[in-house]
Structures are given as structure tokens and as C-alpha cells.
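Colleague: Please take a close look at the nonpolar core of this model. I would like the chain as a whole described beforehand, and some individual residues afterwards.

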Amino acid sequence: QVQLVESGGGLVQAGGSLRLSCADSGRAFSEYSMGWFRQTPGKEREFVGSISWSTRSTKYADFVKGRFTISRDDAKSTVYLQMNDLTPEDTAVYYCAARYRSFMNYNYWGKGILVTVSS
């Protein structure tokens with residue numbers, strides 16, 4: 001069973017950086033592709049980026065524009081989202097999610113963590 005817990009959120013000034021972590025308490029983390037999503041009030045949840053389970057290839061939303069980096073440490077069953085050059089528009093609740101290998105849908109979600117970027 002996959003259980004995801006995000007950490008590392010908080011308040012940061014514009015131009016600053018944060019690193020989010022998402023730890024999985026399950027035993028097969030290395031077989032899951034991991035994604036990061038975010039949501040602001042009144043908007044649908046949007047894709048931020050992902051990292052595959054096997055090749056560790058990454059994909060990012062256009063708005064990331066080279067500012068964010070996703071990485072994973074399978075030994076620690078943790079995926080990271082390094083966010084640099086943050087803007088107030090990045091303020092959102094960030095969620096990590098897992099999907100088994102190359103399955104299409106993310107079946108497991110964390111509860112989310114708030115990131116607030118002040119101007």
C-alpha cells in the first residue's frame with residue numbers, strides 16, 4: 001500500500017526557493033512513477049512535473065520554465081520538488097502522487113502541503 005506524506009512547504013519571499021519532499025511508507029516505491037501537482041482555490045488541480053520509475057526521465061509543465069527540478073531517492077522512498085525563483089503565482093497546495101510503473105492514472109495521492117510566496 002502506498003502512503004504519501006508531503007513536507008517542506010511554508011512561506012517564502014518572491015525569488016526564493018523551497019524544496020518539497022514526499023515520503024512513501026510503502027515497500028515498492030521504486031516501481032512507481034511519481035508526480036507533483038498543485039491547486040489554488042477555485043482552480044482545478046494542475047500538473048507540475050513527474051519522474052518515471054525506471055529511467056527517471058522527467059517531464060514538466062510549461063510554467064515551470066526551468067525553475068523546478070524533480071528528483072527521487074529510491075533508497076529513502078522519497079521524491080523531491082526543488083523550486084527556485086518562486087513567484088506569488090506559485091502559491092498553491094502542492095500534492096505528490098504515485099502511479100504504478102507506466103500506468104496512465106495516478107492512484108495514490110498525498111494530502112497536500114501549502115506553499116505561500118509573498119511579494
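Modeller: Strands here are DSSP runs of E at least two residues long, and helices are runs of H or I at least four residues long; both are numbered from the N terminus. The model is a predicted one, and what follows should be read as such.

The protein chain has 11 strands and zero helices, so the core has to be described in terms of strands and loops. The radius of gyration is 13 Å, close to the 14 Å from the globule rule for 119 residues, so the chain is as compact as a globular protein of that length. Along the principal axes, the C-alpha atoms occupy a box of roughly 40 × 25 × 25 Å. Of the 119 residues, 42% are buried. Among contacts with a sequence separation of 6 or more, 54% join residues 24 or more positions apart.

The outer side can be put briefly. About 6,600 Å² of the protein chain is exposed, and 49% of that comes from carbon and sulfur atoms. There are 14 positive and 11 negative side chains, and the centres of these two sets are 4 Å apart.

Now the core. The largest nonpolar core contains 27 residues. Within it, M34, W36, L81, M83 and Y94 have the most contacts. At least two core residues come from each of β3 (18-24), β4 (32-39), β5 (46-51), β7 (68-73), β8 (78-83), β9 (92-100) and β11 (113-118). The largest contribution is that of β9, which gives four residues.

Strand β9 therefore deserves a residue-level look, and A98 lies in it. A98 is buried because its relative accessible area is 0%, and the cut-off for buried is under 20%. Leaving out residues up to four places away in sequence, A98 touches V2, L4, Y32, S33, M34, Y106, N107 and Y108. One of these, M34, is also among the residues with the most contacts inside the core. V64 is not a neighbour in space: 34 residues from A98 along the chain, its C-alpha atom is 20 Å from that of A98.

V5 gives a contrast in exposure. V5 sits in strand β1 (residues 4-7) and counts as exposed because its relative accessible area is 53%, where the cut-off is over 50%. Beyond residues up to four places away in sequence, V5 touches S21, C22 and A23. V5 and Y95 are 90 residues apart in sequence, yet their C-alpha atoms are separated by 9.0 Å.

Two loop residues should be checked for backbone geometry. R56, in the loop between β5 and β6 (58-60), is not a glycine but has a positive phi, near 60°. R56 is partly exposed because its relative accessibility is 39%, which falls between the cut-offs of 20% and 50%. S77, in the loop between β7 and β8, likewise is not a glycine and has a positive phi of about 50°. S77 counts as buried because its relative accessibility is 14%.

Note on methods. Residues numbered from 1 in each chain as written. Predicted model: local features only at pLDDT ≥ 70, side-chain atom pairs only at ≥ 80, totals over all residues. Heavy atoms only, no water. Rg over C-alpha atoms; globule rule 2.2 N^0.38 Å. Buried < 20%, exposed > 50% of the residue type's maximum accessible area, 1.4 Å probe, protein only. Contact = heavy atoms within 4.5 Å. Areas by Shrake-Rupley, 256 points an atom, 1.4 Å probe, with all protein chains shown as cover. Lys, Arg positive; Asp, Glu negative; His and termini not counted. Charge placed at Lys NZ, Arg CZ, Asp CG, Glu CD. Core = buried A, V, L, I, M, F, W, Y, C linked by side-chain atoms within 4.5 Å.
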